[in-house]
Amino acid sequence: MSNQTFTMIKPDATKAGHIGAILEKINGAGFRIKAMKMTKLSAEKAGQFYEVHKERPFYGELCAFMSSGHIVAAILEKDNAVADFRTLIGSTNPADAADGTIRKLFATSLGENAIHGSDSDENAMIEGNFFFSALEQF
Ligand code: DAT
Ligand code: MG
C-alpha cells in the first residue's frame, strides 16, 4: 500500500481562483502536505512530464494547456494515497466524475480538468521528484 502521491492544480483551476477550495478538499480528505509550490511549466517541461502520452493525439494540446498558466504542485501523504486521491479527484472527464469530486466541482472539460493525480506508486515518486528536491520534501 502506497503512502505518497503527487498532484498539480492545473492552469484552468488556478486562473478561476479555485486553489483555496481545492486545498480545503485535499486537507479535508486527510492528506498531509509533504511539499508544495506554485510554479509555471515551460512547454518543454510539460512535454517531459507527460512524455508517456507523447504518441496520443491530444499531447500537443495537453502540453500547451499545462504551460498556459501557473500551477500548484504538491506531494501528498496518506495511507493508500494514490488510490484514495484518484477517488477524491474523480474521472478524467468531468462529465463522468462522481458528485463531490474535485473534477466534478471544478473542472470544465476533458482537456482542462482542474487537477492531476498520480496513477501508481512508481509514478508518484517519479513525478514528486520531477518538481521537488529532497531538501524540499518534509
Ligand atoms: P488522468 O489525468 O485522469 O490520469 P490521463 O493520464 O489519461 O488522465 O491523461 C492525462 C491528461 O490528458 C488528462 O488529465 C486530460 C488530458 N486528456 C486525456 N485524454 C484526453 C482526450 N481524449 N482529449 C483531450 N485531452 C485528454
Ligand atoms: Mg494520468
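Modeller: In this predicted model, a polar contact is a pair of N or O atoms within 3.5 Å of each other.

Colleague: What makes the approach of Arg 103 to ligand 1 a polar contact?

Modeller: A polar side-chain atom of Arg 103 lies 3.0 Å from an oxygen atom of ligand 1. The cut-off is 3.5 Å, so this pair qualifies as a polar contact. The protein covers 79% of the 510 Å² of accessible area that ligand 1 has on its own.

Colleague: How do you know that Lys 10 and Thr 92 also make polar contacts with ligand 1?

Modeller: For Lys 10, a polar side-chain atom is 3.0 Å from an oxygen atom of the ligand. For Thr 92, an N or O atom of the side chain is 2.5 Å from a ligand oxygen. Both distances are within 3.5 Å, and therefore both pairs count.

Colleague: Which residues surround ligand 1, and how does this shell divide by character?

Modeller: Among them are Lys 10, His 53, Phe 58, Glu 61, Arg 86, Thr 92, Arg 103 and Asn 113. The shell divides into three nonpolar, four polar and four charged residues. Gly 111 is part of this shell, and it is placed with the polar residues because glycine is assigned to that class. As for the site itself, the space taken by ligand 1 is the largest pocket.

Colleague: Why is Ser 118 called buried?

Modeller: Its relative accessibility is 1%. Buried means under 20%, so Ser 118 belongs in that class. Ser 118 is located in the loop between β4 (115–117) and α7 (121–131).

Colleague: What makes the pairing of Ser 118 with Glu 127 a polar contact?

Modeller: The two side chains approach to 2.7 Å, and the limit is 3.5 Å. The pair is therefore a polar contact.

Colleague: Why is Asn 80 called partly exposed?

Modeller: Asn 80 has a relative accessible area of 27%. That value falls between the 20% limit for buried and the 50% limit for exposed, so the intermediate class applies. Asn 80 lies in the loop between β3 (70–77) and α5 (81–89), and has a positive phi of about 55° although it is not a glycine.

Colleague: Ala 114 also has a positive phi without being a glycine; is Ala 114 buried or exposed?

Modeller: Ala 114 is buried: its relative accessibility is 0%, and the class requires under 20%. The phi of Ala 114 is about 75°, and the residue sits in the loop between α6 (102–106) and β4.

Colleague: How do you know that Tyr 50 is buried, although its place is in a loop?

Modeller: Tyr 50 lies between α3 (43–49) and α4 (59–66). At 7% relative accessibility, under the 20% limit, Tyr 50 counts as buried. Its C-alpha atom is 7.6 Å from that of Cys 63, 13 residues apart along the chain.

Colleague: What makes Thr 7 and Ile 71 buried residues?

Modeller: Thr 7, in strand β1 (residues 4–9), has 2% relative accessibility. Ile 71, in strand β3, has a relative accessible area of 0%. Both values are under 20%, so both residues are classed as buried.

Colleague: Where do Thr 7 and Ile 71 stand relative to residues elsewhere in the sequence?

Modeller: The C-alpha atoms of Thr 7 and Ile 75 are separated by 6.4 Å, with their positions 68 residues apart along the chain. Ile 71 and Gly 117 are 46 residues apart in sequence and 13 Å apart, C-alpha to C-alpha.

Key
Residues numbered from 1 in each chain as written. Chains lettered and ligands numbered in written order. Predicted model: local features only at pLDDT ≥ 70, side-chain atom pairs only at ≥ 80, totals over all residues. Heavy atoms only, no water. Near = heavy atom within 4 Å. Polar contact = N/O pair within 3.5 Å; in protein donor to acceptor, adjacent residues only side chain to side chain. Areas by Shrake-Rupley, 256 points an atom, 1.4 Å probe, with all protein chains shown as cover. 1 Å grid on protein atoms, 1.4 Å probe; cavity = no way out; pocket = protein on both sides within 12 Å on 5 of 7 lines; lining within 4 Å. Sits in = over half its atoms within 2 Å of the grid points. Helix = DSSP H or I, 4+ residues; strand = E, 2+ residues; numbered from the N terminus. Buried < 20%, exposed > 50% of the residue type's maximum accessible area, 1.4 Å probe, protein only.
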